[in-house]
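Open the model in your viewer and keep the sequence panel visible. The stops below are meant to be selected one after another.

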Amino acid sequence: MITEIVYLDRDNVNSLVLRANGSAQDISNLSRVTLKIGEVVLDSRIHSNVFDWSTSGTSGQLDMTLGHQDLRVGTFRSTLTVYDNSYPRGLVWGDLMIQVREA
C-alpha cells in the first residue's frame, strides 16, 4: 500500500500516478475527485485548490496539495474516489496511507 506524507501548513504537493494493469491512465476527463482521510472528506467540488489533474492528466498524474486542510497529526487509511461520465457515482480507485505530520 502506498504511503504519502503530508506536512501541515506547508505547500508540498503529493503526486500520484493512477495506474490500471500497470499502465498510467488518462484521467483528463475526470469531473471530480474525493479523498477520505480518516473522518475528513476532501472533495474537488468544494476544495478546488487541493486537486489538480489538468496539468498531467493524460499521463495519469493527480497532484494533491493537502497541507493547508483541516487534518490532524497521525496515520490514516485513506480512500481515493474518482468521477467522470462513465462513473457518475464514483469509482473507488484504491486505498493509501496518509501520514500527517507537523512541519
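**Stop one: Asp-63**

Select Asp-63, which lies in strand 8, residues 61–64; strands here are DSSP runs of E with at least two residues, numbered from the N terminus. This is a predicted model, in which local features need pLDDT of at least 70 and side-chain atom pairs count only at pLDDT 80 or more, while totals for chains, interfaces and linings use all residues. Residues are numbered from 1 along each chain as its sequence is written, and side-chain values use heavy atoms, with hydrogens and water left out.

Is Asp-63 buried or exposed? Asp-63 is buried (under 20% relative accessible area, against over 50% for exposed and in between for partly exposed, with a 1.4 Å probe and protein chains only). Asp-63 has no salt bridge, a term for a side-chain nitrogen of Lys or Arg within 4 Å of a carboxyl oxygen of Asp or Glu. Show Arg-19 as well: this nearest side chain of opposite charge is 12 Å away from Asp-63. For charge, Lys and Arg count as positive and Asp and Glu as negative, and His and the chain ends are not counted.

Now add Gln-61, whose side chain makes a polar contact of 2.8 Å with that of Asp-63 (a pair of N or O atoms within 3.5 Å, one able to donate a hydrogen and the other to accept it; residues adjacent in sequence count only if both atoms are side-chain atoms). Leaving aside neighbours within four places in sequence, Asp-63 is in contact (heavy atoms within 4.5 Å) with residues including Asn-14, Phe-51 and Asp-52.

**Stop two: the sheet**

Colour strands 2, 8 and 7, which form an open sheet in the order 2-8-7 with antiparallel pairing; two strands pair if DSSP finds at least two bridges between them. Strand 2 and strand 7 (51–52) each have a single partner strand, so one side of each is left without a neighbour in the sheet. Two bridges join strand 7 to strand 8, and Phe-51 stands opposite Met-64 in strand 8.

**Stop three: Asn-14**

Move to strand 2, residues 14–17, where Asn-14 lies. Asn-14 is buried, at a relative accessible area of 6%. A polar atom of its side chain lies 3.0 Å from the backbone oxygen of Ile-5.

**Stop four: Lys-36**

Finally, select Lys-36 in strand 5, residues 32–37. Lys-36 counts as partly exposed, at 38% relative accessibility. The backbone oxygen of Gly-38 lies 3.4 Å from a polar atom of the Lys-36 side chain.

Note on methods. Helix = DSSP H or I, 4+ residues; strand = E, 2+ residues; numbered from the N terminus.
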